[in-house]
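Open the model in your viewer and keep a selection panel ready. The tour goes from domains, to one helix, to the contact between chains.

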2 protein chains.
Amino acid sequence: MSHRKFKLTSPLEALRRLMGIARENIAFEEIPTFNACGRVLAEEIVSNQDIPPHNGTWLDGYALRSEDTLGASAENPVALKVVGSMEPGMPPETYRLSKGEAVKVSTGAFLPLNADAVVRLEEVEIRDGEILVKREAKPGMNTTRRGEDIRAGETLYREGFMLRPQDVGLILGLGKLKVKVYAKPKVAILSVGSELLEASKTNPAANNYAYIAEMLAEELGAEAKVVGIAPDDPEKIAEMLGEALEGSSMVLTVGGCSVGEKDLVPEAVNMLGQPGVLVHGLLVRPGHPAGFGAVKGKPVIMLPGHVVSMVSGFYWLVAPIIQVLSGMRKGLMLPTVTAIFEGDEANPTGRYYFLRCSLRREGGEIKAKAIHGGAGILRTLKEAEGFLILPPKAEVRSSSRVEICLFNRLEALNLSEPPGYLKEFFT
Amino acid sequence: MSHRKFKLTSPLEALRRLMGIARENIAFEEIPTFNACGRVLAEEIVSNQDIPPHNGTWLDGYALRSEDTLGASAENPVALKVVGSMEPGMPPETYRLSKGEAVKVSTGAFLPLNADAVVRLEEVEIRDGEILVKREAKPGMNTTRRGEDIRAGETLYREGFMLRPQDVGLILGLGKLKVKVYAKPKVAILSVGSELLEASKTNPAANNYAYIAEMLAEELGAEAKVVGIAPDDPEKIAEMLGEALEGSSMVLTVGGCSVGEKDLVPEAVNMLGQPGVLVHGLLVRPGHPAGFGAVKGKPVIMLPGHVVSMVSGFYWLVAPIIQVLSGMRKGLMLPTVTAIFEGDEANPTGRYYFLRCSLRREGGEIKAKAIHGGAGILRTLKEAEGFLILPPKAEVRSSSRVEICLFNRLEALNLSEPPGYLKEFFT
């Protein structure tokens, strides 16, 4: 296959242009807070209330006015009249303490009006509707304070924050049942190739590379879907591309984007209107036939059919776009690890190498080794956990520290060690 | 609240007993391979075929018998008769080369029978149904070999491997459309407390701590579900527990497991039959009222109602059980990071401290700081990304390196930095 017809573009330059198109497609949605775990806030969350809303107690005991216990001791206990009892949820107004009165309170109950301290159940003596308090109660003793968790008017979360379980719980606790978040990017994946279409008639798994793209996108937080296989026919590819674009944030094509006679995806993209193909061919290896266009303002990303080339194109062009559409500000969806590189690798070319790397833990460190093999060898991805981008003319020496991008969070889990406190159970 | 009625058990001893019960509940299922990403294999995967199944070509050119090109040069080209052309998917038997014959092949096509090399399209001259080959073709030149990716009979994955996108793609490529995996643990969560039941009538978010437990379990890979709120009535708690156990691998209760008058969960567990409650009270802080029992051979894990105590109990008793039921062998679902600790913390007690920690990146390192605050203060969990287990009588000094367990993979994502090659886009 000749590269001569490609005008290869720097992948960073390509990505800058693609980002511009993608940013126009950022979308938001309001969803039930219950479902917002892992989603990125598209609004600021300000507390509308104090939490807890009133002073309360964190143990079982008697709520009282601390001033009433001045001078109390084992020898000279103070007797207080028990005027009632309060359970969690009962409002403070249920009782108003006068001098010499106390209310029995259960863990989590609010304090009655005028109470400012709680003595433990087991520290008082009970007698004829009275309690004998045997030491002075300090103001605030054994109590929780109104607003000590959250204060009304406080900004709790800024736009762009990825919500975790505790955050969703906190926002629910404010009574806020809906939140505005970044919509999940919707990625439609279209395979191209008559031979693939033919093979898929008898083998439902023939299209497995498209499913790899789907799973990679899903692991990065997208809603991805393989929509089908187009034959080597530009009209048909264009038709299926048009359908795939409906309701999607972007479309990926897999295959048919090189410069052979059967590489008709760029032609099909151009048939769908201006501006059509914007970049075709990247200064990367493998994956140089990748590129993209824009149709109706949405990105159409062309990935090569060889599986490693497809994955390289995916991490150059697709992963960053999923990230931006998801509202992620940092490298959130593509975890990285620092590793000790084993072996020497040099890149004498003007392209960015996408070096597949296998990782393993050894003596508290992570060791990385390049995996070589043809762009069509899926096994090399099975043996890899991530990749190293080696820029043009760069080299990496054995024993040097390098940053490896993991393919996704599953790889991070695979690399993790059992936490120390559970070591006995997981070795 | 008194601790006097608790017989506190070492959390490690408790976990050993609980693990024994949990292991009896490990379940497997056969699912479509398409849905197996992130799941753990419960079978070995052995290749049933060579991939690729035949020798092929990775470029557009002419397949030939290398012996026919012996002595070929620009001055003395060898002429070969082109007897046909082959596209990807056509079987090798389509053509059988005789001496002096060649077949045009497209990228990805198999080689015809007897061919052992491919010359590039642009390196030959075409003339009257013949090609002129201007240099010797070495055997294997420009070809892909049968089985070079995967060989028949090869063990590809062992039982216990967590499948990633590339693995699912590879297994699909073998034509294996179903795989046996560990069933996802099914976790039912029951809240207990009349005041909660009351509050939930007007406030659908009143039960937010149970939803935090649900999300924590989901993030660790379980299928979790809040099933409801039981009042402070042992018969009713027992009834709802019994229902929750149907179809679940385990039940968590939230609240009602301390030693106050309203702490009726242990009684309810015992009502459901032998052995009932096995451990009630752990040598941990916070979270000491946690415990567990077994009903119909399934774990019932009792978590305290204070949110931090609940979370501590969760990571001691629930997270490891989810892990074991999921088939995970290592610390896969609970990522850890090494951090530099800021501040001194000592644990003079006989309990294991569950120290909430906030983490931040600084100069290529992660710094950890303890977050203090009452067991009921949800804000402390908002400010934390993970925890440090400080064993009895242990201490941690400022500037020392410690292992922090992240609450889950979302925290790992939140802590990650943009990969170097994308830095320009995410800062």
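This is a predicted model. Start with chain A. Select domain 1 and domain 3 of chain A and place a centroid on the C-alpha atoms of each: the two centres lie 69 Å apart. Now colour the whole chain by domain. Domain 1 takes 11–27 + 184–326. Domain 2 takes 30–51 + 151–182. Domain 3 covers 56–144, and domain 4 covers 336–425.

Next, select helix α4 of chain A, residues 208–219. How far apart are its end C-alpha atoms? They are 16 Å apart, which agrees with the 16 Å expected because each residue of the 12 counts at 1.5 Å, taken over one less than the number of residues.

Show the surroundings of α4(A). The helix is mostly covered, with 11 of its 12 residues buried. Among them are Y209(A), Y211(A), M215(A) and L216(A), and also the acidic-coded E214(A) and E219(A). Step just past the helix to G221(A), where phi is positive, about 105 degrees.

Now bring in chain B. Select its residues in contact with chain A: 84 of them meet 84 residues of chain A. Which elements of chain B give two or more residues to this side? They are α1 (11–23), α2 (165–173), α3 (194–202), α4 (208–219), α8 (378–382), β26 (401–406) and α9 (409–415). Highlight α2(B), which brings the largest share, 8 residues.

Finish by colouring that side of chain B by residue class. It divides into 44 nonpolar, 20 polar and 20 charged residues.

Key. Residues numbered from 1 in each chain as written. Chains lettered and ligands numbered in written order. Predicted model: local features only at pLDDT ≥ 70, side-chain atom pairs only at ≥ 80, totals over all residues. Contact = placed C-beta atoms within 7 Å. Helix = DSSP H or I, 4+ residues; strand = E, 2+ residues; numbered from the N terminus. Nonpolar A, V, L, I, M, F, W, Y, C, P; charged D, E, K, R; others polar. Domains from an automatic or database assignment. Buried ≥ 20, exposed ≤ 12 C-beta atoms within 10 Å, placed from the backbone.
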